[in-house]
Amino acid sequence: MTQTPSAPEALEEAAPDAAADHGDEHEHPSDRQYVKIALILGALTALEVFTYFESVHNLGDAAIYVVLIVLMILKFIYVVAWFMHLKFDSVLFRRVFVAGIVLALGVYLVMLTAFRIWGV
Amino acid sequence: MTDVADPTPAVTTPTDAGHAPPAHPPTTTGLTHNKVAMWLFLGSECLLFGALIAVYMFAKSRLPAGEIGPNDVFDIPFTSVSSFVLLMSSLTMVLALSALNRGEERNFRIWIVATALLGGTFIAGQVYEFTVFVDLGLGYTTNIFGSAFFTLTGFHGAHVTIGIVMLMSALVASLRGRLSPRNAETVELIGLYWHFVDIVWILIFTIIYLFPQ
C-alpha cells in the first residue's frame with residue numbers, strides 16, 4: 001500500500017528522530033509515489049498557466065498574486081519534501097536549507113521595501 | 001638543521017586493511033560530510049538567486065515608460081512548456097536514483113540520460129527565447145530590465161548546464177562500472193543539485209513570467 005502524498009504539511013511530518021539515530025539512512029518513497037507527485041506538480045503548473053488567460057484577469061491583480069504565490073509555494077514544498085527527500089531526511093538538512101531561505105527572504109524583502117518597489 | 005617530523009599521521013587505507021571501504025564513514029553527526037556540504041551549498045545558493053530575483057524586481061519597477069519590457073517579449077505558452085519539461089526532469093532524476101538504489105544499472109542509465117535530455121531541451125528553449133528577445137530589440141544592455149532578466153535567467157541556465165555535465169559524468173561512471181548502490185550517494189548529491197535548480201525555476205517562472213506585469 002503506497003502512502004498518499006500529503007499537501008503542504010509534508011515537511012511537518014518528517015521523522016527527524018529516526019534520521020538522527022541512524023545517520024542519513026532513510027526509506028525512499030516508491031516510484032509510484034514519485035509519479036503521483038509529478039502529476040500533482042504538473043496539475044499545479046497547469047493551474048498557474050491558466051491565470052495567464054484574459055478571462056481570469058477579471059479577478060483582479062491582487063487575487064492573481066495570491067493564487068500564484070500559493071501555487072508556487074505548494075510546488076516548492078512538494079519538490080523539496082519528496083524529490084529532495086527533506087521529508088524523510090535528517091532535520092539538520094532542513095534547518096540548513098530553511099535558514100538559507102529565511103535569510104534570503106528577510107534580506108531581500110527589506111532591500112526591496114527600502115527601495116519602495118511595492119507602490120506604497 | 002634538524003629534521004622536522006611529519007605531523008600527519010600515517011593513513012591506513014581500507015584497501016590496505018584488506019576490506020572494502022564503508023559506504024558511510026562514521027561522523028559526529030551520523031551524516032556524511034558530502035551531504036552536509038551539499039545542503040550548506042544549496043542554502044547559500046538561496047542567497048545568490050534571492051539577490052538576482054530581488055534585483056530583477058527592482059529593475060522592473062524602475063523601467064521607464066515606453067521602453068521595451070516584459071509585456072513586449074514574454075511568450076508565456078512557450079515558457080510554460082519549458083517549465084513543464086524541467087519539472088518532469090526532476091521526476092526522471094528521482095527515478096534514476098531509485099533504480100540505482102535497487103541495483104538496476106540499465107534503468108539508472110535510461111533515466112539519467114532522460115534527465116539530461118530534458119535538461120538539454122530546457123536549455124535549447126532558453127537559447128531560442130534569448131535569440132527571439134534580441135530580435136525583438138531586447139539585448140543585455142538595452143535597458144535595466146534586459147540586464148536584470150538576462151543575468152537572472154542566464155545564471156539559472158548556467159546552473160542547469162553544470163547539472164547536465166554532472167549527469168553525464170554519472171553516466172560515464174556507471175558505464176565504467178564505478179557506480180553501485182553502495183556509492184549511490186554521489187548520484188543523490190547530483191539529484192539534490194538538480195532539484196534545487198528546478199525549484200529555482202519554479203520561483204522564476206511564477207515571479208518573473210506569470211506575475212501580472
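1. Starting with confidence in chain A: of the elements in that chain, helix H2 (residues 31-50) of chain A has the highest mean pLDDT, 96, while helix H1 (residues 16-21) of chain A sits at the other end with the lowest, 41. Bear in mind throughout that this is a predicted model. Over the whole of chain A the average pLDDT is 81, and 75% of the residues score at least 70.

2. The weak patch around helix H1 of chain A deserves a flag. Residues 12-24 of chain A stay under 50 in pLDDT, and the model has 22 contacts beyond four places in sequence for them. I'd leave the details of those contacts alone: where pLDDT is low, the predicted coordinates should not be read in detail.

3. Chain B averages a pLDDT of 90, with 88% of the residues scoring at least 70. Among its elements, helix H5 (residues 105-135) of chain B has the highest mean, 98, and helix H1 (residues 14-17) of chain B the lowest, 41. The stretch to treat with caution is residues 1-21 of chain B, where pLDDT stays under 50 and the model has 6 contacts beyond four places in sequence. For the complex, the predictor gives an ipTM of 0.85 and a pTM of 0.84.

4. Now the interface. How many residues does each chain bring to the contact? Chain A puts in 45 residues and chain B 48. Together the two chains bury about 4,200 Å², and carbon and sulfur atoms account for 79% of that area. On the chain B side, the residues that lose the most area to chain A are Leu31(B), Trp39(B) and Pro212(B), which together make up 16% of what that side buries.

5. On polar features between the chains: there are 8 residue pairs in polar contact between chain B and chain A, counting pairs with both residues at pLDDT 80 or more. The rule also finds 2 salt bridges across this interface. A salt bridge joins the side chains of Lys35(B) and Asp89(A), at 2.9 Å from N to O. As background, side chains of opposite charge can pair when their charged atoms come close.

6. Which elements of chain B give two or more residues to the side that touches chain A? They are helix H2 (33-61), helix H4 (76-101) and helix H7 (185-210) of chain B. H2(B) supplies the largest share of that side, 14 residues. By class, the chain B side that touches chain A comes out at 30 nonpolar, 12 polar and 6 charged residues.

7. Inside chain A there is a split into domain 1 (28-88) and domain 2 (90-120), with C-alpha centres 21 Å apart. Contact between them involves 4 residues of domain 1 and 5 residues of domain 2 of chain A. The two domains bury about 360 Å² between them, 76% of it on carbon and sulfur atoms. The residues on the domain 1 side of this contact are 4 nonpolar, with no polar and no charged ones. Between these domains the count of salt bridges is 0, and the count of residue pairs in polar contact, both at pLDDT 80 or more, is 0 as well.

8. Last, the salt bridges overall: the structure holds 6 over all chains. One to look at in chain A pairs the side chains of Lys75(A) and Glu48(A), 2.8 Å from N to O. Lys75(A) is in helix H3 (residues 61-83) of chain A and Glu48(A) in helix H2 of chain A, so this pair links distant parts of the chain, 27 residues apart.

Definitions and conventions:
Residues numbered from 1 in each chain as written. Chains lettered and ligands numbered in written order. Heavy atoms only, no water. Contact = heavy atoms within 4.5 Å. Buried area = accessible area lost by both parts, 1.4 Å probe. Salt bridge = Lys/Arg side-chain N within 4 Å of Asp/Glu carboxyl O. Polar contact = N/O pair within 3.5 Å; in protein donor to acceptor, adjacent residues only side chain to side chain. Helix = DSSP H or I, 4+ residues; strand = E, 2+ residues; numbered from the N terminus. Nonpolar A, V, L, I, M, F, W, Y, C, P; charged D, E, K, R; others polar. Domains from an automatic or database assignment. pLDDT = per-residue confidence, 0-100.
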